[in-house]
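Good morning, and thank you for making time for this presentation. I would ask you to keep the sequence and the structure in view while I speak.

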Amino acid sequence: MNETFKLGRIAGIRVGVNWSVLVIFLLIAFGIAGGRLPAVYPGREWYVYWGAGLATAVVFFASLLAHELSHAVVARRNGVQVDGIVLWLLGGVARLKGEAATPGAELRIAGVGPLTSLVLGLFFGAIAALLVVTVGPGLLVESVAWLGGINILLAVFNAIPAAPLDGGRLLRAFLWWRTGDRLRAARGATTAGRVFGWALLLFGLVLVIRGASVDGLWLVLIGWFVLAAASAEGRQAQLRSVLVGVPVRQVMTADPVTAPADASLAWMSYEVKSAPLRQRHTAFPVVEGDGRPVGLIRWDQIEDSSGRDRTRTLVREVMRPLSEVPTASPDEPLADLLTRLESSPDRRALVVEDGRLAGIVSMSDITRAVSWLAMASPARRGW
């Protein structure tokens, strides 16, 4: 899930938000302001309800952020680099650059999220109980109690042993510890995730047929997401198993065709079209005059003439900056780059060595490498 805009950094970890967060944010605020609070405490002004609803939704997403931050912080402490956190429609995701080295590390990284949500739920519940005793029932107590309940529910749901939930990673850690086989453990967690996803989806359809359309459609949506994400995790685990021991330098395109940062789009278009070998490329690393990489530009961005003078518009003005492009070193394991590459909008990574551009890697490069490795080692095939 890609970020639409950035919130900044917390503890050095980049935090972004996908536009779909707005949907669930408004649904939560409306559900509290237009339903829960008026039903329990009628007769208040509309802006009082909406103020409480919006504030509760903000604190809820802060709780989700705390859940994902706990994953990220513990991952870094266990030697796994973190690419960032993205909040979206169905919660949040901490994007890790690699995998845990041991079942114990996997257990700690996965388990801290539900634990954080549980602690937050108990904390909000205790605050609600204290407010009842000190100031009596009211909108504040109701909002805080809702936050307590939803965080506990979030902890329980995430602890279900099915990928891609945290419980699925806990199951994977357990199976990995029992069998000593990471791939076999991933298969078990993926299977559990697919079963759970189908169960949610079918139960949701039953609710829709019985007339509970809203609840049913939500379960169908969640079930579809669990099913799709579990399948994606399974495919990624399979790819990782094939790519074990393969460094980035073995599949990268070395010395790729580059785009000067200070060249105009029109000049770049002419240069590419005048050289047949360059026309097969659909994206180009952008470099400064000293050869330092500063970004990536796609061919469609070069050719796009809507609303701009291509003879005066520079490549650096429309490129994706290096901070938003996955990078890797030539000797980095290709399996560790896979997650970052798949989450990149351009599906490409720049290979940098000693501050200089060494090559470029695309998903098509990895696909070719996987096909070759699978043919070379039939025993590594099969899922």
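I shall begin with the whole protein, then turn to helices, empty spaces and a few single residues.

Please bear in mind that what you see is a predicted model. The protein contains 12 helices and 12 strands. Measured out along its principal axes, if I may put it as a computed value, the C-alpha trace spans about 75 × 55 × 45 Å. Of the 383 residues, 47% count as buried. Among contacts between residues at least 6 apart in sequence, 65% join residues at least 24 apart.

Let us turn to two of the helices. Helix α2 covers residues 46-77, which makes 32 residues. From its first C-alpha to its last, α2 reaches 47 Å, close to the 46 Å expected at 1.5 Å a residue. After α2 comes G79, with a positive phi near 85°.

Helix α7 covers residues 213-243 and can be examined in the same manner. Its 31 residues should span 45 Å at 1.5 Å a residue, and because the end C-alpha atoms are 44 Å apart, the two values agree. What is the phi of G245, the glycine that follows α7? The phi of G245 is positive, near 85°.

One residue of α7 deserves a closer look, namely S213. S213 has a relative accessibility of 35%, so it counts as partly exposed. Setting aside residues up to four places away in sequence, S213 touches L207 and V208.

Next, the empty spaces. How many cavities of 30 Å³ or more does a search of the whole structure find? The search finds one. The largest cavity has a volume of about 30 Å³, and its lining consists of A163, R172, A186, A189, T190, E233, G234 and A237. Two elements, α6 (182-209) and α7, each give two or more residues to that lining. By class, four of the lining residues are nonpolar, two are polar and two are charged.

There are also pockets, and I shall describe the second largest. This pocket holds about 550 Å³ of space. It is lined by 25 residues, and those nearest its centre are R14, D83, S323, E324 and V325. The elements that contribute two or more residues to the lining are β1 (5-10), β2 and β3 (82-88). Which of the elements gives the most to this lining? It is β1, with three residues. Sorted by class, the lining of the second largest pocket has seven nonpolar, seven polar and 11 charged residues.

I come now to three single residues, beginning with S20. S20 sits in the loop between β2 (13-17) and α1 (21-40). Is S20 buried or exposed? Its relative accessible area is 6%, and because buried means under 20%, S20 counts as buried. The side chains of S20 and N18 are joined by a polar contact of 2.7 Å. Not counting residues up to four places away in sequence, S20 touches W88 and L89.

The second residue is E142, in helix α4, which covers residues 139-158. E142 has a relative accessible area of 15%, so it too is buried. Leaving out residues up to four places away in sequence, E142 touches R36, L37, V40 and Y41.

The third residue is L96, in strand β4, which covers residues 91-96. With a relative accessible area of 21%, L96 is partly exposed. The limit for buried is under 20%, which means that the 21% of L96 places it in the partly exposed class. Which residues is L96 in contact with, leaving aside its neighbours within four places in sequence? They are A75, V80, Q81, V82, I109 and T339. I draw your attention to T339 in that list. L96 and T339 are 243 residues apart in sequence, while their C-alpha atoms are 7.5 Å apart in space.

To close, I would ask you to find three places in the view before you. One is the cavity lined by residues including A163 and A237. Another is the pocket with R14 and D83 among the residues nearest its centre. The last is the pair L96 and T339, 7.5 Å apart from C-alpha to C-alpha. Thank you for your attention.

Terms used
Residues are numbered from 1 along each chain as its sequence is written. This is a predicted model: local features need pLDDT of at least 70, side-chain atom pairs count only at pLDDT 80 or more; totals for chains, interfaces and linings use all residues. Side-chain values use heavy atoms; hydrogens and water are left out. Helices (H or I, at least four residues) and strands (E, at least two) are DSSP runs, numbered from the N terminus. Buried means under 20% relative accessible area, exposed over 50%, partly exposed in between (1.4 Å probe, protein chains only). A polar contact is a pair of N or O atoms within 3.5 Å; within protein, one must be able to donate a hydrogen and the other to accept it, and residues adjacent in sequence count only if both atoms are side-chain atoms. Contact means heavy atoms within 4.5 Å. The expected span of a helix is 1.5 Å times one less than its number of residues. On a 1 Å grid over the protein atoms alone, a cavity is a set of points where a 1.4 Å probe fits but cannot get out, and a pocket is an open set with protein on both sides within 12 Å along at least five of seven lines; lining residues have an atom within 4 Å of a point. Grid points are joined across faces, edges and corners, and a volume is the space filled by probe spheres set on the points. Ala, Val, Leu, Ile, Met, Phe, Trp, Tyr, Cys and Pro count as nonpolar, Asp, Glu, Lys and Arg as charged, and the others, Gly among them, as polar.
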